[in-house]
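Biologist: Got a minute to go through this model with me? I'd like to start with any odd backbone spots.

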Amino acid sequence: MEKTMKGLKTPNTVQSLTHELENLGVNKGMVILVHSSLSSIGWVNGGEVAVIQALLNVLSEDGTLVMPAHSAVLSDPAHWEAPPVPEEWWQTIRDTMPAFHKAYTPTFGIGKIPEIFRSFPGVIRSEHPDVSFCAWGKHKEKIVHHHELENGLGEGSPLQQLYDMDAHVLLLGAGYDGNTCFHLAEYKIT
């Protein structure tokens with residue numbers, strides 16, 4: 001069988017993804033914010049773990065890998081749309097919602113790769129209960145250390161730190177509509 005899943009002749013592996021990332025221009029020492037969709041990459045031997053390993057291989061410890069670690073379920077249920085909950089539940093949800101804890105609160109709605117990345121050795125997470133970010137590598141502390149509560153995606157956020165560092169954005173199977181960097185621009189023009 002010449003063609004396999006999603007038209008691939010061979011499976012994606014850590015090694016093949018490392019090579020592909022290098023061909024895209026990702027290299028040692030870069031600071032990169034990654035937005036990803038594992039299903040859009042195609043079949044990967046090792047799944048999300050292999051994708052993360054390939055990114056870390058290319059960047060090396062001289063680089064920095066950042067991913068969103070948003071936990072949108074820790075928000076006011078009055079604003080929930082996917083799915084909405086009955087209004088009579090809102091106060092109960094508000095009163096009983098477990099508090100955010102950066103070590104174990106899962107991500108929500110941003111995919112498998114960032115969810116697994118947040119638990120990788122050496123990865124740290126910012127303290128924001130709704131729009132946190134995780135980082136690994138040389139500049140991780142600087143990027144996630146001071147994450148303002150009231151300005152979660154604006155000038156007091158990891159996005160501003162990334163902007164100041166002239167970081168790159170890698171949309172790995174994800175579209176522009178999922179790029180959190182646009183939120184920083186929105187804060188700056190309002």
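Modeller: Sure. Bear in mind that this is a predicted model. Take Asp 166: with a relative accessible area of 63%, Asp 166 is exposed, because anything over 50% counts that way. Asp 166 also has a positive phi of about 55 degrees, although it is not a glycine.

Biologist: Where does Asp 166 lie?

Modeller: In the loop between helix H7 (158-164) and S5.

Biologist: And why flag a positive phi?

Modeller: Because most residues other than glycine have a negative phi.

Biologist: OK, what about Ser 60, what's its phi?

Modeller: Positive again, about 65 degrees, and Ser 60 is not a glycine either. You'll find Ser 60 in the loop between H3 and S2.

Biologist: Is Ser 60 buried or exposed?

Modeller: Buried: its relative accessibility is 17%, and the cut-off is under 20%.

Biologist: Switching to helices. Which residues of H1 are buried?

Modeller: H1 covers residues 14-24, and its buried residues are Val 14, Leu 17, Thr 18 and Leu 21. They span an arc of only 105 degrees around the axis, so they sit on the same side of H1.

Biologist: Why would that spacing put them together?

Modeller: An α-helix has 3.6 residues a turn, so residues three or four places apart point the same way.

Biologist: What's on the other side of H1?

Modeller: Gln 15 and Asn 23, which are exposed there.

Biologist: And what do the buried ones pack against?

Modeller: Helix H2 (38-41), helix H3 (47-59) and strand S5 (168-172).

Biologist: At what angle do H1 and H3 pack?

Modeller: About 50 degrees, and their axes are 8 Å apart. That makes H1 oblique to H3. The crossing is right-handed. On the H1 side, the residues in contact include Leu 17 and Glu 22, and on the H3 side they include Ala 54 and Val 58.

Biologist: What comes after H1?

Modeller: Gly 25, with a positive phi near 105 degrees.

Biologist: Last topic, strand S2. How many of its residues are buried?

Modeller: 5 of 5, running from 64 to 68. Both faces are covered, with Thr 64, Val 66 and Pro 68 on one side and Leu 65 and Met 67 on the other.

Biologist: Which strands does S2 pair with, and in which sense?

Modeller: S1 (residues 31-36) pairs with S2 in the parallel sense over 3 bridges, while S4 (residues 133-137) runs antiparallel to S2, joined by 5 bridges. Leu 65 links to both: Ile 32 stands opposite Leu 65, and Trp 136 is its bridge partner in S4.

How values were computed
Residues numbered from 1 in each chain as written. Predicted model: local features only at pLDDT ≥ 70, side-chain atom pairs only at ≥ 80, totals over all residues. Heavy atoms only, no water. Buried < 20%, exposed > 50% of the residue type's maximum accessible area, 1.4 Å probe, protein only. Helix = DSSP H or I, 4+ residues; strand = E, 2+ residues; numbered from the N terminus. Arc of directions from axis to C-beta. Contact = heavy atoms within 4.5 Å. Pairing = 2+ DSSP bridges. Axes fitted to C-alpha atoms, helices over the stretch in contact; angles between N-to-C directions. Parallel < 35°, antiparallel > 145°, perpendicular 65-115°, else oblique. Left-handed = near helix turned anticlockwise from the far one by under 90°.
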